[in-house]
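Hi,

Here is the structure I promised to pass on. Have a look at it first, and my notes follow underneath.

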Amino acid sequence: MVVLSPIPGSSVLDALRRNDPSIVRSLYARHFPIIRQFVRKNNGTLRDAQDVFQEAMTILWLNVKEDRVKPDAQGDVGGYLYRVAKNKWLDTVRSAAHKHMRVVVDEEHAPVVLEGPDETEGRLQRLRSIYAALDERCRAVLDRFYYERQDMATIAASLGVEEESVRTMKYRCMMKLRAQRRIIDGVDETDRSA
Amino acid sequence: MSKAALRQERFETIEAYLLGTMGNAERIAFEQELASDEDLRAEVDAQRENTLAVELGAFTRTLGSVVEVEGRKEEDGWMRGSSWAPYLKYAAAVALIMSAALWIIGRPSANERLFAEHYVADPGLPVPMSATDDHVFQDAMVAYKLGDYAEARAKWAGLAQERPESDTLRFYIACAALGEGDATAAVPLLKGVGDDGRSVFARKARWFLFLAYVEQDAVTEALAVPLDDDATYGERVRAIKAELR
């Protein structure tokens with residue numbers, strides 16, 4: 001049996017803020033089993049458990065990025081992740097498609113109403129709508145620069161183009177997002193004086 | 001947020017501020033400007049949100065791939081422990097035999113192999129930072145460099161209708177076609193540019209024409225391409241022709 005050593009809460013938050021990819025694997029290894037156990041106990045499959053884990057992780061990530069999460073008393077974010085995942089799955093099993101199922105809720109982990117879940121959902125939806133404006137080539141450049149924090153020379157080398165080309169692409173792609181954001185906000189696009 | 005277009009220099013200043021890469025003195029000056037300029041504050045907020053949208057998109061992909069990989073490991077672990085696991089080795093052997101049979105049927109011809117060994121896509125032209133005079137051409141070049149040959153080809157083809165005489169357009173449309181694996185479309189364009197002694201692309205066009213003929217198994221045409229004495233391509237052309245003969 002693999003015993004996982006605790007990850008200090010502040011390290012988790014820092015790693016999520018820095019977009020450290022290893023933290024996603026660590027959180028999966030540490031917290032997915034208990035989420036899977038809960039989902040399976042309530043008529044869910046492995047795939048269902050993975051879906052709610054992803055939703056919970058995304059909510060955690062956004063709230064960390066926007067400074068709305070503090071580690072719990074044990075200095076971990078596991079409790080937060082579990083509560084979000086559980087609420088998500090309970091919402092699913094209570095939905096019309098799952099009304100026939102029997103819900104097994106352990107009292108110890110009774111569902112918790114999280115602060116402003118609808119607000120976070122709305123925020124995620126808005127950010128996804130903005131990102132939807134990008135094609136694959138823009139994503140290739142912007143993901144590397146803003147998420148992976150690669151420098152221009154590394155991006156240029158990996159894409160096989162000159163640094164100046166990457167710089168131009170980055171600017172143009174971000175302008176696509178700017179335009180998309182204005183469309184979402186319903187800003188009049190007709191006045192475009194330079 | 002202002003309705004006016006955001007110039008690249010201004011965009012990069014805001015970006016440096018948001019990423020924390022701005023020097024101390026510059027940051028203090030920028031924050032002073034920020035305090036008194038409502039439009040700039042709105043622009044900074046918008047750019048912060050756009051950056052977050054990019055990070056969310058990339059995070060979602062990372063998360064999806066971690067869950068998929070780890071989930072597969074769990075499924076594999078479950079299969080190893082299941083009662084029918086001993087039969088997996090027989091299934092693997094059947095799969096191996098079928099793969100070998102498919103490979104033998106579908107393996108590339110000698111000419112396709114020669115083409116694959118020698119074909120390297122042309123790197124394209126540099127895209128200048130302030131290219132504002134010919135956006136469509138530059139956008140297509142960016143697409144070409146990223147391997148999006150269909151998009152590059154479509155954009156350049158539109159321009160070629162207005163400028164059919166342009167050897168640059170004809171050459172790069174052919175390069176994009178070759179990149180897409182469409183040697184048939186590339187050949188007439190490369191032939192035209194290769195025969196144009198005044199074009200700076202003439203030698204490169206003959207090289208790609210030669211490779212296109214190799215890929216098409218048009219041995220007679222490939223042998224007739226006059227590049228044997230070329231300082232850049234001659235050695236490779238002679239070697240390939242020796243194999244073709």
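Let me start with a glycine: just after α6(B), B:Gly147 takes a positive phi of about 85 degrees. Helices here (H or I, at least four residues) and strands (E, at least two) are DSSP runs, numbered from the N terminus.

Some housekeeping: this is a predicted model, where local features need pLDDT of at least 70 and side-chain atom pairs count only at pLDDT 80 or more, while totals for chains, interfaces and linings use all residues. Residues are numbered from 1 along each chain as its sequence is written, and chains are lettered from A and ligands numbered from 1 in the order in which they are written.

Back to α6(B). Of its 11 residues, 8 are buried, meaning that 20 or more other C-beta atoms, placed from the backbone, lie within 10 Å of a residue's own (exposed is 12 or fewer, partly exposed in between). Among them are B:Phe137, B:Met141 and B:Tyr144, and B:Lys145 is on the list too. These buried residues pack against α6 (136-147) and α8 (163-184) of chain A, and also against α7 (149-162) and α8 (167-179) of chain B.

Chain B as a whole has 12 helices and 0 strands. Buried residues account for 28% of its 245 residues.

Now the interface. Chain B puts 36 residues into the contact and chain A 44; two residues are in contact if their C-beta atoms, placed from the backbone, lie within 7 Å. On the chain B side, α1 (8-19), α3 (38-80) and α6 (135-145) each supply at least two residues. The largest share, 21 residues, comes from α3(B). By type, that side of chain B divides into 21 nonpolar, 8 polar and 7 charged residues. Nonpolar here covers Ala, Val, Leu, Ile, Met, Phe, Trp, Tyr, Cys and Pro, charged is Asp, Glu, Lys and Arg, and polar is the others, Gly among them.

What does B:Leu190 contact, leaving aside its neighbours within four places in sequence? The partners are B:Ala174, B:Ala205, B:Phe208, B:Leu209 and B:Ala212.

Over in chain A, α2(A) and α4(A) meet. Residues A:Leu27, A:Ile34 and A:Phe38 are among those that α2(A) brings, and the α4(A) side includes A:Leu81, A:Ala85 and A:Trp89. That contact divides into 9 nonpolar, 2 polar and 2 charged residues.

Cheers
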